[in-house]
Amino acid sequence: MSLRTWLGRKVLSSTLVRACSTAAENARIIDEDGPDLPQRLLDCFVKLERLNDDTFRSIHLLRGRKSFPHIYGGQVVAHALKSATETVDSSLSPHSMHCYFVKAGAVNEPVDYHVERIRNGRSFATRLVRAMQNNEILFTSQVSFQREEESKMQHQCKIDMPKGPEGLQSARDLMKDTLENSKYEDMSMTKLFMAYKLAEFPPTFHRIFEARPVNQNIYKP
């Protein structure tokens, strides 16, 4: 066996072991019920490992679809924002974020977030974040932070705020209700897309993210 072949097998073996270990740990954290489940999910899937002052690493990654081994984009955005936030003063809050997805990332490899400190001002700070996997850029983001100040802008017209999430059905339940008793051959394109979303999203995904539309008629034909 050549040295190149041996090294290749070692790298592949290491990658598979890491992927299986991470997947098993993710499944354990997601599937174990308990009062501390929300905090466990937050600690696992939002927490980052700090490699140095401006570099962070995420290991526990979520796939967004069953049929694709790609990282859920929302998690990448959250990690980029958290990385940028860790490099500014605690008195500054994010008020603007521009995101660009360059390519899909794999869930079985860690992602490193490199933060560039573009500007540090008295009231504003700007950060550029690059998410990288295997030395390739997956995602870039520019985040602007602002110190909390009294706004000089006032709005004369008050808007009617929607009611809170209590009492609202989740998007998943609304789609299920809409598709109930529907036959595949009679489905509209809208219903087919809903069926696809329900089938493609991993069941564990809904234990972490839940959307409750204010317009509860959004999925009705």
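# Briefing: loops, strands and a helix pair

Asn134 sits in the loop that links strand E7 (124–133) to strand E8 (136–147). That loop is a good way into this structure, which is a predicted model. The protein has six helices and eight strands, and 30% of its 221 residues are buried. The points below start with the overall layout, then visit the E7–E8 loop, the helix pair H4 and H5, and a handful of single residues.

**Overall layout**

- Along the sequence, the elements come in the order α-α-β-β-β-β-α-β-β-β-β-α-α-α.
- Of the contacts in the protein with a separation of 6 or more, 64% are between residues 24 or more positions apart.
- Buried residues account for 30% of the protein, which has 221 residues.

**The loop between E7 and E8**

- What is the sign of phi at Asn134, a residue other than glycine? The value is positive, near 55°.
- Asn135 lies in the loop between E7 and E8 as well, and its phi is also positive, at about 65°, although Asn135 is not a glycine.
- As background for both, most residues other than glycine have a negative phi.
- Asn134 has a relative accessible area of 56%, so it is exposed.
- Asn135 also counts as exposed, because its relative accessibility is 75%.

**How H4 meets H5**

- Helix H4 covers residues 171–179 and helix H5 covers residues 189–200; their axes come within 10 Å and cross at roughly 130°.
- Are the two helices parallel or oblique to each other? H4 and H5 are oblique, because their crossing angle of roughly 130° falls outside the ranges for roughly parallel (under 35 degrees), roughly antiparallel (over 145) and roughly perpendicular (65 to 115).
- The crossing in which H4 passes H5 is left-handed.
- On the H4 side, the contact is made by Arg172, Met175, Lys176, Thr178 and Leu179; on the H5 side, by Lys191, Met194, Ala195, Lys197 and Leu198.
- By character, the residues of this contact between H4 and H5 are five nonpolar, four charged and one polar.

**The buried side of H4**

- Which residues of H4 are buried? They are Ala171, Leu174, Met175, Thr178 and Leu179.
- These buried residues span an arc of only 130° around the axis, and therefore lie on the same side of H4.
- The general geometry helps here: an α-helix has 3.6 residues a turn, so residues three or four places apart point the same way.
- What do the buried residues of H4 pack against? Their partner is H5.
- Met175, Thr178 and Leu179 are among the buried residues of H4, and Met175, Thr178 and Leu179 are also among the H4 residues that make the contact with H5.
- Just after H4, Asn181 has a positive phi of about 65°.

**Two residues inside elements**

- Thr55 is part of strand E2. With a relative accessibility of 9%, Thr55 counts as buried.
- Setting aside residues up to four places away in sequence, Thr55 touches Glu49, Arg50, Tyr113 and His114.
- Val77 belongs to helix H3, residues 73–85. Its relative accessibility is 24%, so Val77 counts as partly exposed.
- Which residues does Val77 contact, once its neighbours within four places in sequence are left aside? They are Met97, Cys99, Phe101 and Phe139.
- Val77 and Thr140 are 63 residues apart along the chain, with their C-alpha atoms separated by 9.2 Å.

**Two residues in loops**

- Ile59 is found in the loop between strand E2 (55–58) and strand E3 (63–65). Its relative accessibility is 37%, which is why Ile59 counts as partly exposed.
- How many residues along the chain separate Ile59 from Val107? They are 48 residues apart, and their C-alpha atoms are separated by 8.6 Å.
- Ser90 has its place in the loop between H3 and strand E5 (92–101). With a relative accessible area of 76%, Ser90 is exposed.
- The C-alpha atoms of Ser90 and Arg147 are separated by 9.1 Å, and these two residues are 57 residues apart along the chain.

Technical notes
Residues numbered from 1 in each chain as written. Predicted model: local features only at pLDDT ≥ 70, side-chain atom pairs only at ≥ 80, totals over all residues. Heavy atoms only, no water. Axes fitted to C-alpha atoms, helices over the stretch in contact; angles between N-to-C directions. Helix = DSSP H or I, 4+ residues; strand = E, 2+ residues; numbered from the N terminus. Left-handed = near helix turned anticlockwise from the far one by under 90°. Contact = heavy atoms within 4.5 Å. Nonpolar A, V, L, I, M, F, W, Y, C, P; charged D, E, K, R; others polar. Buried < 20%, exposed > 50% of the residue type's maximum accessible area, 1.4 Å probe, protein only. Arc of directions from axis to C-beta.
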